[in-house]
Every structure is written in structure tokens, then in C-alpha cells.
Amino acid sequence: MPAKHTEDPDFGPNPFQSFWMGGYECTDQLNAFGNRVDFLNVTNHLELLNEDYQDLKPFGIGTVREGIRWSFVEKIPYQYDWSTVQVLLDAGKRHGIQQVWDLCHFGYPDDLTPLHPMFARRFAALCRAFVEFYRSQRPDDTLIITPINEVSFMSWLGGDARGTSPYCVGQGWEVKYRLMKGYVEGVAALREADPSVRILTTEPLINIVPPPWADADHRRRIAEWHDHQFQSVDMLSGRICPELGGRPEFIDILGFNFYYDNQWQLDPYERIPWAEEPADARWRPLNELLMAAHKRYNCPVVLTETSHPGVDRPKWTRMIAEECAQAIRKGVPLWGVCLYPIIDRPDWDHLTPWHQSGLWDAELRPDGEPHHRVLYEPYATALRAAQAKVAAALPVPNPKVNPVSLSLS
């Protein structure tokens with residue numbers, strides 16, 4: 001089957017090396033117990049970089065999401081240690097892997113929280129320093145950056161649920177506002193340092209519905225909650241809170257994270273099941289959510305995170321492929337899908353048990369020995385079929401994309 005790929009003249013060429021991508025869990029946050037976690041090492045990804053990147057090749061995955069771990073890079077304000085990032089960069093070069101960089105993936109330096117008055121200034125300085133470091137050795141590469149991952153989720157977790165720094169309740173909006181102040185100033189700094197930098201937002205894509213018996217006021221309130229999922233991107237574009245300095249041109253590539261628990265009924269809370277037969281009428285198909293988000297901002301879209309734990313991994317993958325194919329056929333400029341996590345990981349707060357949500361499970365070894373990667377064959381089979389299904393829906397050939405990255409059939 002010949003490779004096909006979307007390339008809309010309105011948005012320019014797709015900058016990703018492969019349509020299917022792999023995401024490595026890179027959080028360095030303070031968890032609910034105040035302990036710093038470091039999933040780059042918990043998963044042994046740093047130690048097994050060569051093996052992890054080599055394992056991607058049979059699946060045609062040439063693009064990955066990685067994180068710099070801000071709390072480890074900046075131990076002292078405005079002083080940066082890029083040594084671990086250098087290890088990642090060197091491995092990417094050896095294996096021909098394109099790396100998309102998260103600068104803040106749930107973790108901040110020990111002396112900083114989003115509510116700190118210097119948060120935005122420190123983050124903007126980090127952005128400038130990263131571009132300088134990266135361009136000193138990769139002057140011509142396409143550089144794609146996610147400044148802050150999942151602002152909507154981080155603001156809830158740290159501002160309302162006491163799940164991470166700054167461990168607040170009832171401060172979700174304030175934390176979101178401060179995070180977005182840093183985000184906007186960070187994007188401005190990135191673009192000033194290098195106008196060619198591509199910005200990839202990564203926000204949860206959700207669906208919130210009222211209970212069947214809800215009155216008109218209840219339904220209006222739930223509709224507002226549903227719309228709040230777009231507040232962060234609206235701030236970045238300057239649609240709301242223009243005092244932050246957001247601009248329409250800061251919206252570049254829209255990334256959305258979508259999991260099995262991203263749709264729920266509110267007041268009372270009830271998760272909407274996705275796999276019931278017949279289907280739950282409240283579940284909104286992913287292709288409709290992607291279309292609505294694309295129409296809201298008229299930008300290309302990437303599914304930046306998706307996975308499912310346990311034995312339903314293959315079924316979820318088949319559903320994702322069908323929904324993405326439908327979105328493409330309906331005209332959504334879908335530029336990629338990132339399997340996240342590509343390697344299994346545990347919970348942030350309780351490091352056991354592991355989720356069994358990756359393409360590879362982790363066979364845990366005694367302390368001091370790296371975890372062995374075990375390919376989950378049913379997921380692998382479903383992924384190959386998913387690649388073929390999506391490739392068949394992509395209408396325009398793109399000679400820049402590796403054919404195996406779209407279809408292995």
C-alpha cells in the first residue's frame with residue numbers, strides 16, 4: 001500500500017518525521033506526598049535509550065516526545081545543566097529519531113511554584129536558554145516544543161486537588177492563570193530567540209455532560225465546565241485574559257491528550273464507559289471532538305497522548321484508528337498520533353503497581369538492574385492494523401514521510 005499523508009496548503013508541510021509517535025513518561029513533579037519523582041529513571045528509559053529507540057524501528061515510529069525535566073536542569077536559578085538532555089539528543093541523532101521537547105512536564109525547580117512571583121520570568125529564561133543550547137548543535141533541525149504540558153490538568157491537580165505543588169484547594173483558576181502567564185512569556189521568548197520554533201500545545205480533550213434529569217440552569221453550568229477545557233489555549237491566543245500578552249499567532253499545532261476516562265457526567269460524577277455494546281449514548285466519538293477543536297482554532301491537530309491500561313489496549317487502539325481515519329476523511333488536518341506511554345510506567349504517587357499501558361510492558365528486575373522490555377503482542381498487532389487503516393484515509397502523498405511510518409501492510 002503506498003504511503004499517504006495530509007498536507008494542507010493552509011498550514012504548510014507536516015513537520016513530524018512520522019505520523020505515529022512514541023511518548024516517554026518524563027514527569028519530574030512533586031507527587032501527592034511531596035516526593036520528587038523522576039520517571040526518566042524510574043522507567044529506565046535513560047539507561048536503555050539505545051534499546052528503546054531501536055525497538056521503535058519495526059513500527060516505523062520516527063518521532064518521540066521527550067522532556068528536559070526542568071527541576072533537574074535548573075538546580076540553581078538561571079544556571080542550567082543540560083548534560084542529561086545532551087544524552088537524549090545524542091541518542092536521537094544516532095538513531096535518526098526526531099525528538100519533540102516538553103520543557104515543563106508537571107515539575108518545577110525546588111524553589112519555584114506557579115504562584116511564585118518570578119515563575120514567568122524564570123520560565124521565559126529557561127526557554128531562551130534551551131533554544132540557545134539546542135541551536136548550538138542543531139542549527140537547521142525543525143525544533144518542536146511543548147512549553148508546559150497539560151496546563152488544564154496541572155492547574156486542577158495543584159490548585160484544587162492538592163496532588164502536586166503548590167498543593168492548593170480552590171485555587172485552580174489562579175494556578176492556571178499563573179501557568180499561562182509563564183506559558184505566554186515562554187512562547188514569546190522562544191519566538192524571539194528563534195522565529196522558526198514550532199509550538200505544540202498538549203491539553204486534555206474531554207467531554208462533560210449533565211445527568212439526564214438536569215434542569216436548564218444545571219445544563220448551562222455543565223456546558224460552561226465543558227468549555228473550560230479550552231481556557232488555556234484561549235489565553236495563549238489572547239481570546240481571554242489579553243493582559244497576559246497572548247496572540248493568535250502563538251497558536252501553532254494543537255495537541256490533545258485523550259484517554260478512556262476523558263468523558264464524564266458531572267453532578268453527580270459518573271465516568272462514561274467507552275466500550276459498552278450497545279454504546280453509551282453519552283459517549284461522544286473522538287472524531288467529533290477533534291473536529292470541534294480544529295474548527296475552534298483552525299489549526300492542524302495532533303493526538304499527543306493516548307493509551308489504555310491492561311487487556312483493552314488492542315481494542316482501544318482499534319477505536320483510535322477508526323476515529324482518526326474518520327476525522328481525516330471529514331477534513332481534520334490530523335498530523336499525528338502519539339502512543340503515550342510507549343513504555344509502561346507506574347503511578348506517580350504509588351510506584352507500584354505498574355499500569356500495563358505501554359506497547360512494551362516492564363519486566364521488573366531486582367534493584368540496580370534495568371527493567372526488561374516485553375512487547376505486548378496483542379497491542380503490536382492492533383497497532384499495525386491501525387497504521388494501515390489510518391494510512392488508507394490520508395489523501396495526499398508526502399514523499400518526506402517514511403512509508404513504514406504510515407502503513408506496515
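**Helix H10 and its surroundings**

Setting aside neighbours within four places in sequence, Ala-293 is in contact with Leu-205, Phe-230, Leu-254 and Phe-256, contact meaning heavy atoms within 4.5 Å. This is a predicted model, in which local features need pLDDT of at least 70 and side-chain atom pairs count only at pLDDT 80 or more, while totals for chains, interfaces and linings use all residues. Residues are numbered from 1 along each chain as its sequence is written, and side-chain values use heavy atoms, with hydrogens and water left out.

Ala-293 sits in helix H10 (residues 286-297); helices (H or I, at least four residues) and strands (E, at least two) are DSSP runs, numbered from the N terminus. With 0% relative accessibility, Ala-293 counts as buried (buried is under 20% relative accessible area, exposed over 50%, partly exposed in between, with a 1.4 Å probe and protein chains only). One of its partners, Phe-230, is 63 residues away from Ala-293 in sequence but 8.7 Å away in space, C-alpha to C-alpha. Ala-293 has buried company within H10, including Leu-286, Leu-289, Leu-290, His-294 and Tyr-297. The cover over the buried residues of H10 includes strands E6 (207-209), E7 (253-257), E8 (263-265) and E10 (301-306), along with helices H9 (231-237) and H11. H10 itself has 12 residues and spans 17 Å from first C-alpha to last, close to the 16 Å expected (1.5 Å times one less than the number of residues). Right after H10 comes Asn-298, with a positive phi near 55°.

What about the nonpolar core? Here a core is a set of buried Ala, Val, Leu, Ile, Met, Phe, Trp, Tyr and Cys residues joined through side-chain atoms within 4.5 Å. The largest one has 103 residues, and Phe-130 and Phe-258 touch the most other members. Helix H5 (residues 119-135) supplies the largest share of this core, 10 residues. Beyond its sequence neighbours within four places, Phe-130 is in contact with Ile-68, Trp-82, Val-85, Trp-101, Leu-103, Leu-143 and Ile-145. Another core, of 13 residues, lies apart from the largest one and has Phe-11, Val-100, Tyr-259 and Tyr-340 among its members.

Helices H11 (residues 313-329) and H12 (residues 377-393) make a pair whose axes come within 9 Å and cross at roughly 5° (axes are lines fitted to C-alpha atoms, for helices over the stretch in contact, and angles run from 0 to 180 degrees between N-to-C directions). H11 is therefore roughly parallel to H12, a label for angles under 35 degrees. The residues in this contact split into 12 nonpolar, 1 polar and 5 charged; Ala, Val, Leu, Ile, Met, Phe, Trp, Tyr, Cys and Pro count as nonpolar, Asp, Glu, Lys and Arg as charged, and the others, Gly among them, as polar.

Some backbone oddities turn up in loops. In the loop between helix H6 (151-159) and helix H7 (172-193) lies Tyr-167, which has a positive phi of about 55° although it is not a glycine. Tyr-167 is partly exposed, at 29% relative accessibility, and touches Leu-30, Asn-31, Ala-32, Gly-34, Gly-158 and Arg-162, not counting residues up to four places away in sequence. Pro-166 lies in that loop between H6 and H7 too, and a cis peptide bond with omega about 15° joins Ser-165 to Pro-166. The peptide bond from Asp-267 to Pro-268 is also cis, with omega near 5°.

Definitions and conventions
Angles under 35 degrees count as roughly parallel, over 145 as roughly antiparallel, 65 to 115 as roughly perpendicular and the rest as oblique.
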